[in-house]
Amino acid sequence: MSSILFENAAILDVEQGALLPDRWVLVDGARIASVSDTKPDAPGAQRIDLKGQTLMPGLIDCHVHVTAFTANFAELVRTPPSYVAAKSAEILGGMLRRGFTTVRDVGGADHGLARAIEEGLFPAPRLFFCGKALSPTGGHGDIRAPGTDVHEAAYTQPGLGRIADGVAAVRQAARDEIRRGAHHIKIMGGGGISSPTDRISSDQYSEEEIAAVVEEAAMANLYVAVHSYAARSIERCVRLGVRSIEHGNLATQQTIDLMKAHDAVLVPTLSVFRALVEEGVEAGLPKDLVGKTYEVLDAGINAVEMAYRAGVPMAYGTDLLGVMHRRQLDEFVLRADVVKAPDLIRAATINCARLIRREHELGLVKPGYLADLIVVDGNPLENIRIMADPQRSPRLVVKGGELV
Ligand SMILES: [Zn+2]
């Protein structure tokens with residue numbers, strides 16, 4: 001078992017929101033063995049001097065689609081799974097190099113990718129997946145054009161969603177994803193941008209269907225995440241026990257208050273809307289769908305501000321597709337006008353760890369925790385923009401005690 005001793009590190013204490021200077025961090029195997037202000041006895045450890053640099057927990061992105069090598073989902077489902085797997089490895093490698101040591105996939109990734117990562121077949125973050133997102137016919141997971149009748153339902157087709165209508169069918173689909181190892185269940189609760197026939201303002205799934213999925217997930221000690229923009233869609237899902245609200249752009253104060261009362265988590269994804277209007281078409285988004293982006297673009301930051309004021313926990317999310325993935329660290333900057341730096345760091349570390357229920361071993365630099373660490377040049381608590389500056393962040397990435 002190899003060990004690493006980080007010397008003269010300024011540790012970013014996520015809980016306190018403070019920088020602790022001149023610390024020694026000993027990593028033994030996959031975990032952090034000790035954090036101290038005196039030099040520990042560590043014969044044989046590889047020593048890395050971090051003078052002047054910040055050591056912080058590896059980042060977590062709670063809204064990614066690692067298989068989405070293109071923003072054109074009709075093309076994605078026509079692509080051989082072998083090619084999509086290879087592209088996913090490339091996308092995951094990019095995420096890890098950006099400092100994301102854990103990601104939560106909310107549609108597309110499966111047990112095959114998770115197994116390959118666990119076996120160390122290619123460099124990648126830890127992967128939490130839901131399999132395919134559940135969508136009603138004509139919903140955000142239905143990528144057919146209005147003139148298409150046939151629905152090719154082969155599960156191995158590399159789409160992000162699967163269609164299930166009716167209480168019995170959604171129960172079966174949820175059970176099937178749980179059978180395949182899902183860490184959470186994702187449903188489409190309202191219209192989306194990349195789906196050709198739905199409307200942003202529409203609700204998706206009946207209350208009976210949503211309640212059935214929530215019950216199936218709870219029976220397996222899992223939780224449900226919902227794709228939703230509109231206030232009404234979010235509110236019905238929150239009332240029915242959905243825990244994780246993805247996007248949430250059109251939330252009102254009433255929505256936010258309800259989320260607070262139900263202990264729901266907001267996962268804003270400002271990065272993707274900015275990216276879609278700037279380069280969505282080049283990334284594969286069909287031209288006629290770009291207009292839908294403007295229905296949610298400006299509202300995104302308002303939802304973040306309301307949630308922040310109300311104390312609704314927020315997790316870091318990006319939702320990027322294809323070539324847009326390089327913008328994954330921009331979310332720090334996009335939220336910076338309304339969220340203070342220590343809370344932004346918490347969003348990308350401990351808040352995400354709580355959402356995926358790994359707060360006992362991910363998201364902090366603490367003895368016993370997994371040694372998922374990054375080194376950045378400077379103090380992001382004073383200047384959060386450091387996080388999105390490729391010259392300064394990350395300078396070094398460690399996952400499970402191994403240098404990337
Ligand atoms: Zn998404």
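**Helix α2 and the domain arrangement**

In this predicted model, helix α2 is followed by Gly99, a residue whose phi is positive, near 105 degrees. The helix itself comprises 17 residues, spanning residues 81–97. At 1.5 Å a residue, a span of 24 Å is expected for a helix of 17 residues, and the end C-alpha atoms of α2 are indeed 24 Å apart, so the expected and computed values agree.

The burial pattern of α2 distinguishes two sides of the helix. Val84, Ser88, Ile91, Leu92, Met95 and Leu96 are buried. Viewed down the axis of α2, these buried residues fall within an arc of 140 degrees and therefore line one face of the helix. Ser82, Tyr83 and Ala86, by contrast, are exposed and are carried on the face of α2 that is turned away from its buried side. The packing partners of the buried residues of α2 are three strands and a helix: β6 (59–64), β7 (100–105) and β16 (396–399), together with α3 (111–118).

At the level of the whole protein chain, the domain assignment gives two segments, 3–58 and 363–403, to domain 1, whereas domain 2 covers 59–328. The centres of domain 1 and domain 2, taken over C-alpha atoms, are separated by 31 Å. The contact between them draws on 8 residues from domain 1 and 7 residues from domain 2. On the side of domain 1 that touches domain 2, the residues divide into 3 nonpolar, 3 polar and 2 charged.

Conventions
Residues numbered from 1 in each chain as written. Predicted model: local features only at pLDDT ≥ 70, side-chain atom pairs only at ≥ 80, totals over all residues. Helix = DSSP H or I, 4+ residues; strand = E, 2+ residues; numbered from the N terminus. Expected span 1.5 Å × (residues − 1). Buried ≥ 20, exposed ≤ 12 C-beta atoms within 10 Å, placed from the backbone. Arc of directions from axis to C-beta. Contact = placed C-beta atoms within 7 Å. Domains from an automatic or database assignment. Nonpolar A, V, L, I, M, F, W, Y, C, P; charged D, E, K, R; others polar.
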